[in-house]
Amino acid sequence: MYDKITPPTTGERITFQNGEPQVPDNPIVPFIRGDGTGVDIWPAAQKVFDAAVEAAYGGKRKISWFKVYAGDEACELYGTYQYLPQDTLTAIKEYGVAIKGPLTTPIGGGIRSLNVALRQIFDLYACIRPCRYYSGTPSPHKTPEKLDVIIYRENTEDIYLGIEWREGTEIAQKLIHILNDDLIPATPEHGKKQIRLDSGIGIKPISKTGSQRLVRRAIKQALLLPKNKQQVTLVHKGNIMKYTEGAFRDWGYELATSEFRAECVTERESWILSNKERKPDLSIEDNARQIDPGYDALTEEKKAQVCQEVEEVLNSIWETHGNGKWKDKIMVNDRIADSIFQQIQTRPDEYSILATMNLNGDYLSDAAAAIVGGLGMGPGANIGDECAIFEATHGTAPKHAGLDRINPGSVILSGVMMFEFMGWQEAADLIKKGIGGAISNRQVTYDLARLMEPPVEPPLKCSEFAQAVIDRF
């Protein structure tokens with residue numbers, strides 16, 4: 001079954017049922033050490049994981065680690081350019097849940113990105129990035145403690161599907177001519193738009209299937225949060241790209257109000273319901289006027305549409321969501337992408353779960369991580385219906401490799417996400433407590449130490465930080 005690796009002789013597989021993991025008490029978990037500083041941060045993280053499981057369960061649960069290979073380390077074992085050997089793919093598929101350090105992006109042709117390749121091979125459609133603040137962490141933001149969000153980023157389509165053609169190639173020229181001569185003129189809403197002949201061409205597909213399965217996971221996550229955090233915000237640029245990003249928003253609302261009707265209320269629905277609650281005899285038209293400030297300037301057709309919306313909401317959900325009952329539901333709203341970048345800085349405590357497409361989510365997750373301390377403290381997960389891979393979100397930093405100085409926080413916190421996914425909340429909570437305790441007591445590696453006031457001298461080594469986390473359990 002395997003060419004150059006051998007699974008542990010003890011332990012059992014994690015399986016999936018209806019997209020949810022079925023976890024034994026002694027799971028086998030494949031791990032990829034990672035390139036560059038992976039040589040330092042993985043041993044530190046594994047030490048924390050094993051200590052947390054032992055402290056939480058006293059030997060009743062235990063992970064059997066299974067080392068698999070990717071990146072430069074794989075090339076050393078399997079041969080040149082074997083960045084992602086079949087052994088590794090087989091192991092991840094067989095055992096369901098894996099965790100990895102940072103990987104080098106191969107130079108030259110072939111695989112563009114090992115991380116992207118893993119997501120596409122295993123259809124890991126949800127990239128999940130929690131961003132929360134640990135007291136004492138240096139931050140460029142005045143109030144980083146107000147930000148506590150989970151970003152659900154679609155992982156398999158949008159521009160990251162990577163379908164594009166270079167400027168000047170035969171296919172690019174052919175596509176431009178087809179678009180300019182046939183398709184754009186045939187669509188009146190595009191007017192006289194034309195694509196310049198010296199353009200590269202990229203395809204940005206957004207599907208209903210891809211959008212709704214991501215939003216479904218985001219809503220299920222919201223159901224697990226405290227009542228004051230049960231909110232899902234659909235992030236998009238639908239005011240410009242109506243049939244891709246705008247469709248993502250519309251499909252998200254459609255899913256929320258059909259599949260999760262009993263659990264969800266949309267922002268506009270809440271306005272309609274609260275208007276009637278404040279004034280029970282409010283007319284349909286006056287209710288419409290209040291939810292749409294530009295109502296009186298609308299055409300008669302548009303006015304009729306808003307009134308119909310109000311009437312349908314009151315007829316369909318007043319009994320189940322009215323009289324304040326909507327306040328106990330998951331709030332589903334939407335925000336324009338550029339606006340949310342501002343709002344996570346100016347009004348961060350107004351948001352909880354952000355669901356978005358790939359490119360917007362890429363920018364947004366890094367921006368949010370910067371507020372709470374940077375990518376060194378940023379965990380990540382890539383989850384599908386039959387597999388999940390947890391990962392450090394930063395790069396390999398090869399110049400720091402082997403020096404026992406890099407911050408292992410990202411991969412440690414990714415392990416927290418893995419334990420939560422597995423249902424091992426007690427182990428996850430111990431690690432979060434340990435990290436919070438170490439940082440608040442200024443027991444940190446150089447990256448955080450140099451930013452603290454006053455700077456910490458000397459900073460902890462990578463391995464010492466791991467022990468400090470364990471000591472704070």
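Select α5 (170-183) and β9 (201-202), each of which supplies at least two residues to the lining of the second largest pocket. Helices and strands here are DSSP runs (H or I of at least four residues, and E of at least two), numbered from the N terminus. The model is predicted, so local features need pLDDT of at least 70 and side-chain atom pairs count only at pLDDT 80 or more, whereas totals for chains, interfaces and linings use all residues. Residues are numbered from 1 along each chain as its sequence is written, and side-chain values use heavy atoms, with hydrogens and water left out.

Stay with this pocket and add His190, Lys193, Met241, Tyr243 and Thr244, which lie nearest its centre among the 19 lining residues. A pocket is an open set of points on a 1 Å grid over the protein atoms alone, where a 1.4 Å probe fits, with protein on both sides within 12 Å along at least five of seven lines, and lining residues have an atom within 4 Å of a point. The space in the second largest pocket is about 700 Å³, a volume being the space filled by probe spheres set on the points, which are joined across faces, edges and corners. Its lining divides into 10 nonpolar, 5 polar and 4 charged residues, where Ala, Val, Leu, Ile, Met, Phe, Trp, Tyr, Cys and Pro count as nonpolar, Asp, Glu, Lys and Arg as charged, and the others, Gly among them, as polar.

Move next to the largest pocket, which holds about 940 Å³ of space. Of its 33 lining residues, Ile150, Tyr152, Gln221, Leu225 and Glu420 are the closest to the centre. Elements that give two or more residues to this lining include β6 (126-132), β7 (148-154) and α13 (409-422), and by class the lining has 22 nonpolar, 3 polar and 8 charged residues.

Now select β7, which is largely enclosed by the rest of the structure because 6 of its 7 residues are buried (under 20% relative accessible area with a 1.4 Å probe, protein chains only). β7 pairs with β6 in the antiparallel sense over 7 bridges, pairing requiring at least two DSSP bridges between two strands; there, tyrosine 152 of β7 is the bridge partner of isoleucine 128. β7 also runs parallel to β13 (residues 353-356), to which 4 bridges join it, and isoleucine 151 stands opposite leucine 354 in β13.

Finish at α13, which gives the most to the lining of the largest pocket, with 5 residues. In α13, 13 of the 14 residues are buried. Just after α13, look for glycine 423, which takes a positive phi of about 85°.

Note on methods
Buried means under 20% relative accessible area, exposed over 50%, partly exposed in between (1.4 Å probe, protein chains only).
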